[in-house]
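Here are some notes to read with the structure open beside them. They begin with how the two chains meet and end with one sheet.

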2 protein chains.
Amino acid sequence: MKLTFAPASPFARKVRIAAIELGLIDQIELVATAVVPGQANEEYSRINPLKKLPVLILDNGDAILDSYVVVEYLDELAGGGKLLPLSGPTRWRVKSEHSMLQGMLDSMLLCRYEKFARPEGTHWNAWLDDHWNRAWCGFAHFARQPTLMSRPFDVVAISLICALGYADYRFPDCGWRSAFPELNEFARALADRPSVKVSAPPAP
Amino acid sequence: MKLTFAPASPFARKVRIAAIELGLIDQIELVATAVVPGQANEEYSRINPLKKLPVLILDNGDAILDSYVVVEYLDELAGGGKLLPLSGPTRWRVKSEHSMLQGMLDSMLLCRYEKFARPEGTHWNAWLDDHWNRAWCGFAHFARQPTLMSRPFDVVAISLICALGYADYRFPDCGWRSAFPELNEFARALADRPSVKVSAPPAP
């Protein structure tokens, strides 16, 4: 299997951590791929019209997307029920929490593009504030959870690590560690876990 | 159960069509909800920090998101395997195709905001072209499928109808019907299906 990825992509990081935790990373060839908003990449558009990372390309050529579906696929390949519950109310809670984290990351990427990719003079602060607020309210949601420190290292914990790591990487002055000491404790407790450490984004 | 929705939301439409097809619509109270980019909605942010539609709120208060997870949940509630396969390679193909359609719709909404929501003078054409191209390449992908007309009315067919309907609603001059006659035939064949008809967006 091949996985399209970039070291800075929090979505690709999610899949890398999942593959390591599931013991499948040795079966996956990482293929560095450059996608830039506002720039074409015709070769990659043929694999994924969305031009997004990551995509898992199976040996038969089938492309699996998005990052969440890839994690579900790898989880099933590893026997199932390891990174998300196979059934019951917890399954839907985990899926919904993951959707929230996915949307938080989408919003953070929109903030990044708004602040740093747009040409001078085309910024819209109300949009930036709106999307930053979505991510921030999402962090507050997870910080409030009494089970944060005792939860399993599942797809939600992995995605939360990726979202916090992305905040550190792209918005180092946003102050999430002081605003949410519970999340700081959560991130510190997992910082030395091998899958988390090896997949950390490059120095800003 | 309650479903937050707006008549113009293609994501809410997807869930409405699914609920009708699954025979569950009578168990769902539709709750009209207004979300506008760049404007706060604190009450709804407490339910969904992402401020996105739709969310399914269960009778015990649990919130299920996003639209895809809601469709999966309703499918399971209706017995399972009705709108997406329960196992096998087809399951991953359907999930991946749905991810593509979800991303196409996300890109079309970004185009809508870029063209019509941003203040005068803050437009960035390269971004608009990039995201429109993602949706367009996605439509081309589905138009090329030899099984388009024979596929079951599953979560992919539903999402494709919603994406095409959104193109009609927000970009009536984009010309998808002439560019992709296969998709035009697909949409025409399903236009009178009751779930499709009753959920159509309001007149532009």
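1. This is a predicted model. The contact between the chains takes 33 residues from chain B and 33 residues from chain A. On the side of chain B that touches chain A, the elements giving two or more residues are β4, α3 (67-77), α4 (89-117) and α5 (125-143) of chain B. Sorted by class, that side of chain B has 15 nonpolar, 9 polar and 9 charged residues.

2. How are the two chains related? A turn of 180° with a shift of 0.0 Å along the axis lays chain B on chain A, with an RMSD of 0.0 Å. That is the relation of a two-fold axis. Of the residues of chain B, the one closest to the rotation axis is B:T122, whose C-alpha is at 1.9 Å.

3. Of the interface residues of chain B, 100% are also interface residues in chain A, so the copies meet through the same surface.

4. Now the sheet. In chain B, 4 strands form an open sheet with mixed pairing, in the order β2-β1-β3-β4. The edges are taken by β2 (29-32) and β4 (63-64) of chain B; each has a single partner strand, so one side of each is left without a neighbour in the sheet.

5. Strands of a sheet pair through backbone hydrogen bonds, and the pairing is either parallel or antiparallel. Which sense joins strand β1 (residues 2-5) of chain B to β2(B)? These two strands pair in the parallel sense, over 4 bridges. To find one of the partners, start at B:L3: its bridge partner in β2(B) is B:L30.

Note on methods: Residues numbered from 1 in each chain as written. Chains lettered and ligands numbered in written order. Predicted model: local features only at pLDDT ≥ 70, side-chain atom pairs only at ≥ 80, totals over all residues. Pairing = 2+ DSSP bridges. Contact = placed C-beta atoms within 7 Å. Nonpolar A, V, L, I, M, F, W, Y, C, P; charged D, E, K, R; others polar. Least-squares fit on C-alpha atoms with pLDDT ≥ 70 in both.
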